[in-house]
Amino acid sequence: MPQTIKLPERFRHLVTTPALRTTRERGTVSASFVDTALRCAERRGISREILLERAGIAPAVLAAPLARVSAAQYGRLWSAIADALDDEFFGQDSHPMRRGSFALLCHAALDSRDAKQALARIAGFLRLVLDDLQCEIDTSAEQVRIRFADAAGAQPMFAYATAFVMIYGLLCWLVGRRVPILAAHFRCPEPAARDEYQLMFCDAMSFDQPATFIDLAPDCVALPVVQTGATLKVFLREAPANFIVKYRNPDSLAARIRRKLRQSPPADWPDSERLSGTLNMAEATLRRRLKQEGTSYQAIRDALRRDLAIARLADTTQTIAEIAHALGFAEPSAFHRAFRNWTGVRPAAYRGSPGGNSSGNLMA
């Protein structure tokens, strides 16, 4: 029998030793998404307290307006809700997506020759298991469009996002790289968490539109499927935590750089010139390849510093000055400015949030 999505093992993002070290790199998920997912389950009579316990998320975390949870925690919540409802779509469609459906979808798409065929199979499969939200694929020389036909009317933004995360996460894994998202249009009103959805989709988002669709880079259809039955076992074992945030190719240049940076304290991180030398490539080549992957060296450094900062604020008793020094900031004031840019709040405000020192990871 095909594997179902299993709950990934619980792990700490930050190992609390003097050195700054992380186990795995995942993105983070807004607590507002956690609350929305829980509300889906509560409408079907499932207690949120039980689900949060299974996910390893402290209830107090949800009271913090800027709280985030790790992708692993959100993945466990997704699995817990799917188990409780026997529905991997959170009960958002009149026809439940029974437990194990996603694994069957993966098997159906695995032997596709390229992304175009994979998308067609994904859409065909979802049309069999969902009634209210039908997936259609339109391809041309100008665009690859994932269209959600919602004959019953505009669906909640969370429903569109849940469907897209599964489709996009599987597609990117199949071709072994992140596929650029060009634009996203939705029939629903603009959600309160627009900024979070922009992280999930792209900056070019519009709402209250006549139709719901997401446009991908047109050249993605020719990308070959590179995964095998052996790699599928690993993918399913770690799903859904491995595709909840935008897919990161572990073999990409950006991933190599992140792994390299995590091996030393932030104060010792090299500039782009020195880094390119250690990677045996020209600095211009480094910039060009990172741009192709949709990022930059500065963005990688900032994101990693942000995650380390929030993990230390949540999981240690270090002073803010000590954290600033450990992250390579010359002055605490510089760290304060950077942290406000990253999160919109001061470090002390984040540390003072209700769930800041709970057993569940506030941010990882």
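Helices (H or I, at least four residues) and strands (E, at least two) are taken here as DSSP runs, numbered from the N terminus. On that basis the protein has 15 helices and seven strands. The model is predicted, so that local features need pLDDT of at least 70 and side-chain atom pairs count only at pLDDT 80 or more, whereas totals for chains, interfaces and linings use all residues. Residues are numbered from 1 along each chain as its sequence is written, and side-chain values use heavy atoms, with hydrogens and water left out.

Of the 364 residues, 54% count as buried, a term that means under 20% relative accessible area, with exposed over 50% and partly exposed in between (1.4 Å probe, protein chains only). A contact requires heavy atoms within 4.5 Å; among contacts between residues at least 6 apart in sequence, 67% join residues at least 24 apart.

The sheet comes next. Two strands pair if DSSP finds at least two bridges between them. An open sheet of five strands follows the order β3-β4-β7-β5-β6, with mixed pairing. Strands β3 (134-139) and β6 (205-206) stand at the edges with a single partner strand each, so one side of each is left without a neighbour in the sheet. Within the sheet, β5 (residues 181-185) and β7 (residues 212-216) run antiparallel and are joined by four bridges; Ala184 has Ile214 in β7 as its bridge partner.

Two helices pack on this sheet. Helix α5 (residues 115-129) touches β3 and β4, and its direction makes about 160° with that of β3. Helix α6 touches β3, β4, β5, β6 and β7, its direction making about 140° with that of β4. For these angles, axes are lines fitted to C-alpha atoms, for helices over the stretch in contact, and angles run from 0 to 180 degrees between N-to-C directions.

Aromatic side chains form a further theme. Rings of Phe, Tyr and Trp (its six-membered ring) pair if their centres lie within 6.5 Å; planes under 30 degrees apart count as stacked, over 60 as edge-to-face and the rest as tilted. The count comes to 16 aromatic pairs. One of them, Phe148 with Tyr160, is tilted, at 6.3 Å centre to centre and 35° between the planes. This pair links Phe148 in strand β4 (residues 144-149) to Tyr160 in helix α6 (residues 157-175), twelve residues apart, and both residues are buried. Elsewhere, Trp78, Phe90, Phe102, Phe158, Trp173, Phe235 and Phe243 form one aromatic cluster.
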